[in-house]
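Visitor: Could you take me on a close look at one part of this chain, the stretch around its opening helix? Please keep it plain, and tell me what sits around it.

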Amino acid sequence: MRLLAEPRCGDLQDIFDELGRGASYGASTTHLGKLLPRIEGGGGGGCPVLVLGISRLCYVEDE
């Protein structure tokens, strides 16, 4: 079994940008848009892979 970091959806980058932290978080395989093509291309090594994405819906702004 391979364990992967929790991937985030592309719309989460908008939140980082709004918080002034967008430059700290660039595109990597922890982004679903980059991770899914790798997995679909066989990057999982033939092992079953469960992918959970963190989207804007998971964000709750503290007041």
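**A close look at helix H1**

Guide: Isoleucine 15 counts as buried, because its relative accessibility is 2% and the cut-off for buried is under 20%. Keep in mind as we go that this is a predicted model. You'll find isoleucine 15 in helix H1, which covers residues 12–18.

So what does isoleucine 15 touch, once its neighbours within four places in sequence are set aside? The answer is Arg56 and Tyr59. Serine 55 is worth a look here too: it lies 40 residues from isoleucine 15 along the chain, and the two C-alpha atoms are separated by 9.8 Å.

Now step back to aspartate 11, in the segment before helix H1. Is aspartate 11 buried or partly exposed? It counts as partly exposed, because its relative accessibility is 31%, and that class lies between the under 20% of buried and the over 50% of exposed. Leaving out residues up to four places away in sequence, aspartate 11 touches Ser55 and Arg56. With serine 55, the sequence gap is 44 residues, while the C-alpha to C-alpha distance is 6.4 Å. Put the two residues together and Arg56 turns up twice, as a contact of aspartate 11 and as a contact of isoleucine 15.

That sort of reach along the sequence shows up in the chain's totals as well. Take the contacts between residues at least 6 apart in sequence: 58% of them join residues at least 24 apart. Buried residues such as isoleucine 15 make up 21% of the 63 residues in the chain. As for the surface, the chain exposes about 4900 Å², with carbon and sulfur atoms supplying 54% of it.

To set H1 in context, the chain has 2 helices and 0 strands. The other helix to look at is H2, residues 32–43, where isoleucine 39 has its place. Isoleucine 39 is partly exposed, at a relative accessible area of 22%. Its C-alpha lies 8.0 Å from that of valine 49, and those two are 10 residues apart in sequence. H2 itself spans only 14 Å between its end C-alpha atoms, whereas a straight helix of 12 residues would span 16 Å. Just after H2 comes glycine 45, with a positive phi of about 65°.

Note on methods:
Residues numbered from 1 in each chain as written. Predicted model: local features only at pLDDT ≥ 70, side-chain atom pairs only at ≥ 80, totals over all residues. Heavy atoms only, no water. Helix = DSSP H or I, 4+ residues; strand = E, 2+ residues; numbered from the N terminus. Buried < 20%, exposed > 50% of the residue type's maximum accessible area, 1.4 Å probe, protein only. Expected span 1.5 Å × (residues − 1). Contact = heavy atoms within 4.5 Å. Areas by Shrake-Rupley, 256 points an atom, 1.4 Å probe, with all protein chains shown as cover.
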